Amino acid sequence: MPRIAFLLLSVLLISACSPSGTDRPPASGTLTPEALDRHGEEFREDVIEVTDGVYVAVGFGIANSIMIEGDDAVTIVDTMESLEAAERIAKRFRAITDKPVRAIIYTHSHPDHIHGAPAFINNGDPVEIYAHHSLEKAVDQTVSVLQPIITQRSFRMYGSRLPDADRTNVGIGPFVDLQEHSTLQILRPTQTFQDELSITVGGVEMILKHAPGETDDQVVVWLPKQKVLLPGDNFYRAFPNLYTIRGTSYRDPKTWADSLEMMRDLEPEYLVPGHSRPVTGKAEIRKHLTDYRDAIRYVYDQTIRMMNAGKTPSEIAHEIRLPPRLARSPFLQEFYGKPEWSARMVFGGTLGWFDGNPSNLHPTPPGEKAKRMAQLAGGEDALMTAVEKAANNEDHQWVLELTDYVLRLSPEHQAATEHRILALHALASAETNPGARHYYLTSAAELAGDIILPLMAVTPNDTMLEGIPIRAFFDGMSVNLEGEAAWDIYQSVVFEFPDLEQSFTLTVRGGASELRKGVSEDASIHVRIDSLDFKRMLAGIRNPALAILSDFEYVKGGRIGFTRFIQLFEPNLET
């Protein structure tokens with residue numbers, strides 16, 4: 001499949017065995033691998049009646065979906081990671097009530113909360129869809145720009161391609177219900193808001209409050225009469241993902257803590273998270289919200305304190321640990337996030353990539369560094385002797401770090417590969433964080449040739465493609481431009497979409513690209529194509545060479561020139 005195809009669909013969203021001789025502090029609590037298995041009981045498949053008219057479906061996928069029943073209508077909060085997961089829940093909800101769904105609320109833009117909405121409604125029924133005003137921008141950013149890398153890292157983190165025997169729960173849910181032919185379909189919001197919005201559906205009053213935390217577009221739903229709070233992903237039964245190893249933009253711990261304070265001040269009696277089971281009782285909820293808030297602020301404040309003392313991200317990550325009172329909380333065990341990962345994020349989010357060490361201003365390139373490390377060790381054979389010694393000492397992390405050098409020098413080195421695979425398995429066997437455990441195991445399987453990760457989570461259908469704005473596809477093209485190959489290119493191409501009654505001019509200017517709405521008189525090429533055909537080509541459903549030959553109408557310029565232009569974005573295009 002052409003590389004350009006991998007840019008354009010919504011994604012999965014998807015204690016380490018320490019080297020001997022380190023002084024790394026213990027992880028929060030007293031976790032064991034068995035504790036992770038027990039944690040899976042949190043996600044037993046069930047539809048739970050939280051209180052009159054409020055139901056939550058747990059265990060049908062990675063996230064929860066919540067139904068709020070009114071006098072003559074129903075509201076659904078969050079709609080799962082795929083249409084298939086949502087359909088199983090919708091069937092259970094309809095067994096409880098046949099009242100029509102009149103509102104859907106998205107608590108935030110993560111894929112596991114937005115991709116199953118059509119399952120809950122009947123075609124033609126009037127439904128309002130509520131979200132924060134920034135949700136669509138966040139969705140489209142992930143769709144168009146970061147699809148390939150987020151997909152692969154998510155598959156590693158969630159263990160999506162591992163055998164069942166190697167995969168455990170994913171920390172905040174039992175599994176990710178997403179396969180190659182799953183259907184992802186977001187219904188776009190019909191009503192958005194900035195800070196707060198009050199709505200009434202079926203006689204049930206709900207207040208939607210902007211509460212940035214795990215995402216900037218996070219919304220919590222407050223039912224004042226029932227004293228029910230839906231916190232979205234700002235609270236669940238695991239240490240929060242202040243940073244997720246699949247990759248994320250900066251998650252501001254200060255605003256997350258502020259949102260938890262706001263939630264606590266509402267004094268809810270029922271707490272229904274977007275992941276894990278509900279919590280009941282005003283005092284119990286207040287305690288856990290306070291502990292959650294304190295843990296986030298503790299990690300942030302102490303990281304900043306150590307930064308100001310001149311410590312590097314690695315030093316801080318190896319020193320940070322929660323106070324005992326927080327480490328004992330059942331809601332702060334390291335089943336999802338970790339304080340050490342969070343500390344690294346705080347450093348990078350506040351000071352950026354430079355750790356302050358001048359040797360890292362212009363570091364030796366990785367390949368050259370590997371050569372010099374091998375020379376320092378006495379040659380590649382001596383480096384492998386060190387690998388074998390570390391393996392015999394069960395110093396698994398050191399094996400990983402040493403084989404980084406060996407495999408960079410000799411990617412097919414069989415002994416180094418075998419030692420690395422064994423080390424990854426050993427680290428996984430002692431890991432209580434499922435994301436880290438799955439990442440180790442998947443990386444080992446990739447190295448062994450047992451797993452090849454896709455660059456797209458699902459194979460798209462036309463309905464999915466139609467739901468993605470045309471601009472998102474151009475965003476995907478821009479980040480796939482071969483910069484150096486285009487240093488000497490100055491060219492503009494008009495793309496006309498008759499079905500949309502829109503035209504765009506895409507310019508490549510000395511290696512940079514720019515998209516403008518409308519037709520540029522300076523364009524050397526003008527093509528016309530139906531928007532769905534264009535999307536099919538970029539999504540890999542339609543071979544680009546065949547599309548160029550058959551689907552495009554050439555208003556100005558010719559096919560050969562247009563092919564050369566497209567090859568700037570897809571150099572391996574077969575013509």
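Here are some friendly notes on the salt bridges, one helix and one sheet of this predicted model.

1. **Salt bridges overall.** The count for this model comes to 28 salt bridges. As background, side chains of opposite charge can pair when their charged atoms come close. A few of these contacts are worth a look in your viewer.

2. **Glu319 with Lys311.** These two side chains form a salt bridge, with 2.7 Å from N to O. Are the partners buried or exposed? Neither label fits: Glu319 is partly exposed because its relative accessibility is 39%, between the 20% and 50% cut-offs. Lys311 is also partly exposed, at 27% relative accessibility.

3. **Glu368 with Arg372.** Here the salt bridge has an N to O distance of 2.8 Å. Where do the two residues sit? Both belong to helix H10 (residues 366-377), and they are 4 residues apart, so about one helical turn separates them. In general, an α-helix has 3.6 residues a turn, so residues three or four places apart point the same way. Glu368 itself is partly exposed, with 30% relative accessibility.

4. **Asp404 with Arg420.** The side chains of Asp404 and Arg420 meet in a salt bridge at 3.0 Å, N to O. This pair links distant parts of the chain, since Asp404 lies in helix H12 (residues 396-409) and Arg420 in helix H13 (residues 414-429), 16 residues apart. Asp404 is partly exposed, with a relative accessible area of 39%. Arg420 has a relative accessible area of 19%, which means that it counts as buried, the cut-off being under 20%.

5. **A salt-bridge network.** Which residues are linked in a network of salt bridges? They are Glu261, Lys287, Asp291, Arg293, Asp294 and Arg325. You may like to display these six side chains together.

6. **Helix H4.** This helix covers residues 147-158. Its 12 residues should span 16 Å at 1.5 Å a residue, and the end C-alpha atoms are indeed 16 Å apart, so the expected and modelled spans agree. H4 is mostly covered, with 10 of its 12 residues buried. Among the buried residues are Ile150, Phe155, Met157 and Tyr158, and the list also includes Gln147, Gln152 and Arg156. Just after the helix, Gly159 takes a positive phi of about 65°.

7. **The open sheet.** In which order do the 6 strands of the open sheet lie? The order is E8-E9-E10-E11-E12-E13, and the pairing is mixed. Strands E8 and E13 (279-280) are the edges, each pairing on one side only. For orientation, strands of a sheet pair through backbone hydrogen bonds, either parallel or antiparallel.

8. **The E8 edge.** Strand E8 (residues 196-201) has two faces: Leu197, Ile199 and Val201 make up the covered one, while Glu196, Ser198 and Thr200 make up the uncovered one. E8 runs antiparallel to strand E9 (residues 204-210), and 6 bridges join the two. Ile199, from the covered face, has Met206 of E9 as its bridge partner. The hairpin of E8 and E9 has 2 residues between the strands, and Gly202 there takes a positive phi near 60°.

9. **The E13 edge.** At the other edge, strand E12 (residues 270-271) pairs with E13 over 2 bridges, in the antiparallel sense. Leu271 has Val279 of E13 as its bridge partner.

Key: Residues numbered from 1 in each chain as written. Predicted model: local features only at pLDDT ≥ 70, side-chain atom pairs only at ≥ 80, totals over all residues. Heavy atoms only, no water. Salt bridge = Lys/Arg side-chain N within 4 Å of Asp/Glu carboxyl O. Buried < 20%, exposed > 50% of the residue type's maximum accessible area, 1.4 Å probe, protein only. Pairing = 2+ DSSP bridges. Expected span 1.5 Å × (residues − 1).
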